Amino acid sequence: MLANMYSAINFGTGRFEEKKYLLMKKITKSILGILAVLAILFAATAFMISDPDPDLIKEKISQNDRISLSDLSTKNLEAGMFKTTVEFSQNRFENTPKAFYGQEIIISGNPKLDRILIGVTNNLISRVEIWNRNELIETKELGFMDKMTWGEPHTMAVDFYDQTNRRYRGKSKISMRFFRGTGFFADLGTINVDLTKYGDLSVDKSIGVFAKSIDSNRVIAPVFSDFKVWKNYKSFD
């Protein structure tokens with residue numbers, strides 16, 4: 001009789017474990033199905049809101065090249081804004097002086113500033129310099145969130161808006177993302193500066209790239225390529 005009772009208990013336990021296993025399997029399948037649907041929706045959304053074709057593509061760009069925004073035609077409607085991206089690659093060199101690489105925005109007709117340098121340093125810091133009449137008047141730095149892979153291509157994306165923009169009326173700002181790959185999780189460094197205090201920035205602007213040493217006269221220039229400009233445009237990223 002006891003043997004029969006133990007057999008019944010074991011049988012009941014086995015049935016319970018089987019039901020538990022089937023339930024967990026069903027839950028796992030449901031979770032995987034939900035994640036798959038979310039991934040598809042995310043990919044579709046990313047495709048729908050991706051940037052339109054740029055107004056200018058320059059596959060090869062040197063430090064002597066300057067692109068004037070006033071010379072570009074566009075179908076974009078966000079006046080007072082622009083976006084640029086450039087591919088950046090630099091090998092690692094030991095014992096080199098601190099260097100600064102990135103994009104340069106030359107601003108004409110503003111008495112408070114005439115040049116903005118924004119980019120990254122070779123000691124993994126995002127940096128902005130604001131100049132006026134060959135005098136450095138403001139500097140901002142922010143450490144990287146992750147390490148970069150030297151020698152591999154990375155992207156510097158710059159967004160700029162002046163006080164005439166419709167979205168942030170009366171405000172001016174410049175920001176940069178330095179990343180490899182796509183999406184927010186690819187970001188290595190970011191930085192932004194509020195430019196409102198510098199007054200009218202809706203004047204003529206030209207854009208290019210630069211490489212400079214911060215604490216010596218020697219700099220090893222990186223490779224800049226695939227320079228793109230979106231005039232009158234604010235990126236979704």
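Buried means under 20% relative accessible area, exposed means over 50%, and partly exposed lies in between. The exercises below use these cut-offs on a predicted model.

**Exercise 1. Classify Asp226: buried, partly exposed or exposed?**

Step 1. Locate the residue. Asp226 sits in strand S12, residues 223-231.
Step 2. Read its relative accessible area, which is 25%.
Step 3. Apply the cut-offs. Asp226 is partly exposed, because 25% falls between the two limits.
Step 4. Check the backbone. Asp226 is not a glycine, yet its phi is positive, at about 50°.

**Exercise 2. Do the same for Arg133, and say where Arg133 is found.**

Step 1. Arg133 lies in the loop between strand S6 (125-132) and S7.
Step 2. Its relative accessibility is 68%, so Arg133 counts as exposed.
Step 3. Phi of Arg133 is near 50°, again a positive value in a residue other than glycine.

**Exercise 3. Describe the make-up of the protein chain in secondary structure.**

Step 1. Count the elements. There are 1 helix and 12 strands.
Step 2. Read them along the sequence. The helix comes at the start of the pattern, and the strands follow.
Step 3. Look at burial. The chain has 237 residues, and 39% of them count as buried.
Step 4. Look at contacts. Take those between residues at least 6 apart in sequence: 67% join residues at least 24 apart.

**Exercise 4. In what order do the 6 strands of the open sheet lie, and which are the edge strands?**

Step 1. The order is S2-S11-S4-S5-S6-S7, with antiparallel pairing.
Step 2. Strand S2 (67-68) and strand S7 (135-143) are the edges, as each pairs on one side only.
Step 3. Now go pair by pair. S4 (residues 99-107) and S11 (residues 205-213) run antiparallel over 9 bridges. Here Phe100 stands opposite Lys212 in S11.
Step 4. S4 is joined to S5 by 7 bridges. Gln103 faces Ile118 of S5 as its opposite residue.
Step 5. S5 is joined to S6 by 6 bridges. Ile116 stands opposite Ile130 in S6.
Step 6. Inspect the hairpin of S5 and S6. It has 3 residues between the strands, and Leu124 takes a positive phi near 65° there.

**Exercise 5. Why is strand S5 described as largely enclosed?**

Step 1. Strand S5 spans residues 115-121.
Step 2. Of its 7 residues, 6 are buried, so the rest of the structure largely encloses this strand.

**Exercise 6. Which residues of the largest nonpolar core touch the most other members?**

Step 1. The core holds 39 residues.
Step 2. Ile116, Ile174, Phe178 and Leu195 touch the most other members.
Step 3. Ask which element gives the largest share. S4 does, with 4 residues.
Step 4. Follow Ile174. Leaving aside residues up to four places away in sequence, its contacts include Ile105, Ile116, Val158, Phe160, Ile191 and Leu195. Asp159 and Asn192 are also among them.

**Exercise 7. What lines the second largest pocket?**

Step 1. Its volume is about 250 Å³.
Step 2. The lining has 19 residues. The closest to the centre are Arg92, Phe93, Thr96, Asn122 and Trp150.
Step 3. Sort the lining by class. It has 9 nonpolar, 6 polar and 4 charged residues.

Methods. Residues numbered from 1 in each chain as written. Predicted model: local features only at pLDDT ≥ 70, side-chain atom pairs only at ≥ 80, totals over all residues. Heavy atoms only, no water. Pairing = 2+ DSSP bridges. Helix = DSSP H or I, 4+ residues; strand = E, 2+ residues; numbered from the N terminus. Core = buried A, V, L, I, M, F, W, Y, C linked by side-chain atoms within 4.5 Å. Buried < 20%, exposed > 50% of the residue type's maximum accessible area, 1.4 Å probe, protein only. Contact = heavy atoms within 4.5 Å. 1 Å grid on protein atoms, 1.4 Å probe; cavity = no way out; pocket = protein on both sides within 12 Å on 5 of 7 lines; lining within 4 Å. Points joined across faces, edges and corners; volume = space filled by probe spheres on them. Nonpolar A, V, L, I, M, F, W, Y, C, P; charged D, E, K, R; others polar.
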